[in-house]
Amino acid sequence: MPRKKRFYQPGVPVHVFQRGHNKEPVFFDDQDYLAYLRFLKAAADDLECLIHAYVLMTNHVHLLVTPKTENDISVLFQKIGRHFVPYMNKTYRRRGSLWEGRHKGHILESEAYFLICMRYIEMNPVRAAMVEHPGQYRWSSYAANAHGNDNAILQSHALYLALGESPEARQAAYRAGFDIETRPEEIELIRACLHSGTPLGNDHFKKKIESAIGNRVGYSKRGRPTARGLI
């Protein structure tokens, strides 16, 4: 069966997801998380991709990225995998697949969904009942975005910068967003778009993207696509 092509646009944020093979763990020790982040930074720097948010869960990862070219997302994961998979194989004396096929992802309409998507990503450990608050989870971008902790991987998006005139004001406004519970239908929509590759935005945004690439993307029928168990 041919691989499903993902359509991304230079300068348009993308929410991407990759899961371990058969939903098995891809991180076992703190050093594994640190190794992945090291490889992520090296790949992002090389491609000049902008990483705005991330979370590394036990068996999957979420990233919010603005690519420089339409191929950067695929190349980003290739570069990470070229180093991380051998690292894991050597460290744990393992063989076989580490990831469940290619990454999944969708572009998003910045003004409407960018900050919602950041919160969705950083709230993953809370939804998984691993912690009670996103600040308690070490392997995400929350500490940097919400409290200004140093993080060499991240680049702030214009919409994040617009939250306040100073770093302290932006961080306070960002934290306040977590006091507003994300509606279940918004979570389901993000998951569904992530699985299907459907642009996350209004109809005008979707048509604009389809016009730019000359093809229809995502689900073909009206209504909401199914999420199929994505986190």
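A residue is taken as buried under 20% relative accessible area, as exposed over 50%, and as partly exposed in between. In this predicted model, Pro 25 has a relative accessibility of 37% and therefore counts as partly exposed. Pro 25 is placed in the loop that runs between strand E1 (14-19) and helix H1 (30-47). When its neighbours within four places in sequence are left aside, the contacts of Pro 25 are with Thr 58 and Asn 59. The C-alpha atom of Pro 25 is also separated by 9.5 Å from that of Trp 99, a residue 74 places away along the chain.

The chain as a whole comprises 9 helices and 4 strands, which follow one another along the sequence in the pattern β-α-β-β-α-β-α-α-α-α-α-α-α. It has 231 residues, of which 49% count as buried. Of the contacts between residues at least 6 apart in sequence, 75% join residues that are at least 24 apart.

Helix H2, which spans residues 72-92 and has 21 residues, reaches 30 Å from its first C-alpha to its last, close to the 30 Å expected at 1.5 Å a residue. The helix nevertheless bends by about 30° at Gly 81, and Gly 81 is itself listed with the buried residues of H2, together with Asp 72, Ile 73, Leu 76, Phe 77, Ile 80, Phe 84, Val 85, Tyr 87 and Met 88. The elements that cover these buried residues include E1, H1 and strand E3 (60-66). Two of the buried residues of H2, Phe 84 and Tyr 87, belong to one aromatic cluster, in which they are joined by Phe 27, Tyr 33, Tyr 36, Trp 99 and Trp 139.

Most residues other than glycine have a negative phi. Arg 93, which is not a glycine, has a positive phi of about 50°, and this residue comes just after H2, in the loop between H2 and strand E4 (104-107). With a relative accessible area of 82%, Arg 93 is exposed, because this value lies over the 50% cut-off. A positive phi, here of about 60°, is likewise found at Ala 129, which is not a glycine either. Ala 129 lies in the loop between helix H4 (124-127) and H5, and its relative accessible area of 67% makes this residue exposed as well.

Helix H5 (residues 142-147) contains Asn 145, which has a relative accessible area of 6% and is therefore buried. A polar atom of the side chain of Asn 145 lies 3.3 Å from the backbone oxygen of His 52. Beyond its neighbours within four places in sequence, Asn 145 is in contact with His 52 and Ala 53, with Met 118 and Glu 122, and with Leu 154, Tyr 160, Gln 171 and Tyr 174.

Two of these partners, Gln 171 and Tyr 174, are among the buried residues of helix H7 (residues 167-177), the others being Arg 170 and Gly 177. Because the buried residues of H7 cover an arc of only 115° around the axis, they are placed on the same side of the helix.

A pair of aromatic rings is described by the distance of the centres and the angle of the planes. The count of aromatic pairs comes to 12. One of them is formed by Tyr 142 and Phe 178, whose rings are edge-to-face, with 5.0 Å from centre to centre and 85° between the planes. Since Tyr 142 lies in helix H5 and Phe 178 in the loop between H7 and helix H8 (184-196), this pair ties together parts that are 36 residues apart in sequence. Both residues count as buried, Tyr 142 at 3% relative accessibility and Phe 178 at 14%. In a further pair, the rings of Tyr 160 and Tyr 174 have centres 5.6 Å apart and planes at 70°, so this pair is also edge-to-face. Tyr 160 in helix H6 (residues 158-161) and Tyr 174 in helix H7 are 14 residues apart, and their pair thus links distant parts of the chain. Tyr 160 and Tyr 174 are both buried, and both are also in contact with Asn 145.

Notes: Residues are numbered from 1 along each chain as its sequence is written. This is a predicted model: local features need pLDDT of at least 70, side-chain atom pairs count only at pLDDT 80 or more; totals for chains, interfaces and linings use all residues. Side-chain values use heavy atoms; hydrogens and water are left out. Buried means under 20% relative accessible area, exposed over 50%, partly exposed in between (1.4 Å probe, protein chains only). Contact means heavy atoms within 4.5 Å. A polar contact is a pair of N or O atoms within 3.5 Å; within protein, one must be able to donate a hydrogen and the other to accept it, and residues adjacent in sequence count only if both atoms are side-chain atoms. The expected span of a helix is 1.5 Å times one less than its number of residues. The bend at a residue is the angle between axes fitted to the seven residues ending there and the seven starting there. The arc is that of the directions from the helix axis to the C-beta atoms. Rings of Phe, Tyr and Trp (its six-membered ring) pair if their centres lie within 6.5 Å; planes under 30 degrees apart count as stacked, over 60 as edge-to-face and the rest as tilted.
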